[in-house]
Amino acid sequence: MLLIDQFHFNWRIFKRHRLRTFLMLLAVSIGVAAVVLLTSLGEGARRYVDAEFSSLGSNLVIIFPGRNETTGGHPPIFGTSPRDLTIEDSIALGHLSAVRRVAPIIVGTTNVSVGSLSRDLITVGTTREFLDVRDMSVTIGKTLPDDAREIASAVCVLGSKVKHELFGSRKAVGEWVRIGDRRMRVIGIIEEGGQSIGMDMADIVMVPVQTAVQLFNSPALFRLMLELQTTADVERVKRRVLAIIRERHEGEEDITLVTQDSLLQAFNNILSTLTLAIGAIGAIGLLVAGVLIMNISLISVSQRRQEIGLLKAIGGSSRQIRALFLGESLMMVGMGALAGVAVAIALVFFSRQLWPVFPMTPPSWAIPVAVILAMVTGVLFSWLPASRAARLDPVLALRGQQQ
Amino acid sequence: MRPVDFIRWVLKALWMQKVRTSLTILGFAIGITAMVTLSSLGEGLRQFVLEEFTQFGSHIVAINPGKTETFGMAGILNTTRPLSLQDAIALERVAGVEKMVPLVSGTAQSKVLGRSRYTNVYGVGHDASEAWRMPVAQGNFLPNESLETPRAFAVLGHDLKQELFGNEPALGRYVHVGGARFRVIGVILPKGDFMGADLDDAIYIPANRALQMFNRESLMEVDIFYSPAVATEVIVERIKKMLISRHGFEDFTITTQDEMLKTMDNILRILKYAGAGLGAISLLVGGVGIATILMITVTERTAEVGLLRALGCTRAQVRNMFLGEAITLGLLGGIAGVFVVVLLVITVAHLIPKLPIALSMDIVIAALLVSMLIGLVAGVNPALRATRLSPIDALRAE
């Protein structure tokens, strides 16, 4: 029996039982589509985080003041430590040849007001490098002055949302705003669309770092961001940074270094595991479809008893009969899997049109794995019915009798 | 036809096709198992987190400086509007307040002759031990004295004491924290983690000393534990009034335990239902299975339907019989699935008691209802098919 003959044979059977075939295709395709869609969701989340991090620029090292030796503890997010990380530290670290940019950061909440409008906002005291490191720029006006480290000039740069809330459509650059207990001149507006991890760049006020020192009456930096040269050896730079800090902090290494790579790696690991887990949950649907295939195949074998008898009588071997039935379910599962993949891809495509920020994508392994898994399920669950068909005694089967 | 006959007919019809019935039930049960297990995991997580949060009682409000939503970072950031120690002292006098814990946290190195360790430092007050349910194992907690001029006493977490002193006695010894000298007056019983922070590997010192150590003006948080006899709204109102009279305007954020629990509960509930939703995909496939099998059954039993109709069964009766079969299949699958989940939950609870998994009755009932519903939906088409057969044609079908 040629392969093409078998296809014709199976096809005719499918056509004879249209509804039954359709329902089985439906079951298999739901299972396959679930696996592909769910893993796409996980992969989408991973890519989303990836993109968020890459908006931070590459080769970034974040320094937290303070240190925590508790095993498994998180970095010292409080940012409070007896010995402050200072602007002078940031200047010293900037001298390292492997460091491309340094952005010292002081963060606090203040009341910002214009006339009778007032809002409590996150105020970031930093230098112009802060925007560069985040790969952002100022759309209107100028960025922070060059001497933000040394001189506490009374200027500020507003996030786009803040500008709209305080000034509406009026011109903001050149106007005065009150920040805390000081008056400052607006010199620029940050470009829109900078939603970066942990901070909505549209909803902040940026002031020179030295101004923030006065505003909050504390020289302590909250974080220090180092952007390294692309060719820098990160481990070596980390050792150099620690050495410099030790020298400046009376022999104590009271900072915590977190590289962007390690953060990204951690997120990637978590999300990849999650993707696998929800993919596996989706695959349970395939298992259920497998049970259904077995059930239907058993019924089909008992219904087609006479047909099998005839096939055997005209010389079909047991092996051929088995191949016939296995082929039938493989073909069915194959079609179901194709339909499932098509549906999943269509849904992924639509979701990407609807929510372009969330890049849902099936991971490269998802489609082949889902299809192969479906095929394997098909073969496994139709093995028993197919063997049963192969074992039928031709004489009894032809008569339609039980054995 | 009496109900008993009806049920007997349905069960017999299923019993006649043992393999077919059991495979259908198996498929459906797998779906139910997936759905109930996943939602049980979600429910377990929810209960675990809620317990973590209510372990300190439920009559708590937290006050943070600043009036912005800063992803729970409120107190950590600098602020031009400090919440001072004096504010905290004033709050203690508000009617209805039972305990008040000022909080400043940071990291610092604790040093004892030859040994040192960087850990979290919590600047708190006398009430912290009782309010946070951290009883001391040795000595005493920070004494009940003036918050503004506290003596330099420190209380060690259990792990930190082991790290610094090993098995030697720690009470009465001196420890240098961030350069300042403190006398150890107590060691806390092992307490464990709270929201990712290890409370055992930490040192507790008076709040004002911590403010000096970290060179801050503002507390990060003030926790108020109030009498259950006072309503939450009332206490919030009183605190607001007191702080506004001191600051001139509302430059602080008050978070009540109720609000926090509600937000948290909402998020975790979503997780639970998302788990159930994921499992429901398999259930859908199981539903398709029931529909397929019934479809085949109806075709096979055409003659039987003809006979029933010839004997005087109405169309409605025939339809109900097939629907009954469908619902029974779904229900049996559901019961089997729930049974497996119960076994699973009991096993897990014995083997890995730490893994939070909790069966919630509403999910079990929902699962059983959903399985009956799916059975019903799956059965509609085949059942209608059966009724459409004319008795004569059906009888001839053989």
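A polar contact is a pair of N or O atoms within 3.5 Å, where, within protein, one atom must be able to donate a hydrogen and the other to accept it. The exercises below apply this and related terms to a predicted model.

**Exercise 1.** Determine how many residue pairs are in polar contact between chain B and chain A, and which elements of chain B supply the side that touches chain A.

*Solution.* Counting pairs with both residues at pLDDT 80 or more gives ten residue pairs in polar contact between the two chains. On the side of chain B that touches chain A, at least two residues each come from helices H2 (18–54) and H8 (257–300), and likewise from strands S2 (78–79), S3 (97–112), S4 (115–124) and S10 (197–198). Of the elements of chain B, H8(B) gives the most to this side, with 14 residues. Sorted by character, the residues of this side comprise 26 nonpolar, 23 polar and eleven charged.

**Exercise 2.** Describe the extent of the contact, and find the salt bridge that crosses the interface.

*Solution.* Chain B contributes 60 residues to the contact and chain A contributes 58 residues, while the area buried between them is about 4,800 Å², with 67% given by carbon and sulfur atoms. The rule finds one salt bridge across the interface: the side chains of A:Glu252 and B:Lys111 meet at 3.8 Å, N to O, which falls within the 4 Å cut-off.

**Exercise 3.** Identify the strand of chain A that is joined to S2(B), and state whether the two run parallel or antiparallel.

*Solution.* Strand S2 (residues 99–114) of chain A is joined to S2(B) by two bridges, and the strands run parallel. Within this pairing, A:Thr109 has B:Thr79 as its bridge partner in S2(B).

Definitions and conventions
Residues are numbered from 1 along each chain as its sequence is written. Chains are lettered from A and ligands numbered from 1 in the order in which they are written. This is a predicted model: local features need pLDDT of at least 70, side-chain atom pairs count only at pLDDT 80 or more; totals for chains, interfaces and linings use all residues. Side-chain values use heavy atoms; hydrogens and water are left out. Contact means heavy atoms within 4.5 Å. Buried area is the accessible area (1.4 Å probe) that two parts lose on being put together, summed over both. A polar contact is a pair of N or O atoms within 3.5 Å; within protein, one must be able to donate a hydrogen and the other to accept it, and residues adjacent in sequence count only if both atoms are side-chain atoms. Helices (H or I, at least four residues) and strands (E, at least two) are DSSP runs, numbered from the N terminus. Ala, Val, Leu, Ile, Met, Phe, Trp, Tyr, Cys and Pro count as nonpolar, Asp, Glu, Lys and Arg as charged, and the others, Gly among them, as polar. Two strands pair if DSSP finds at least two bridges between them.
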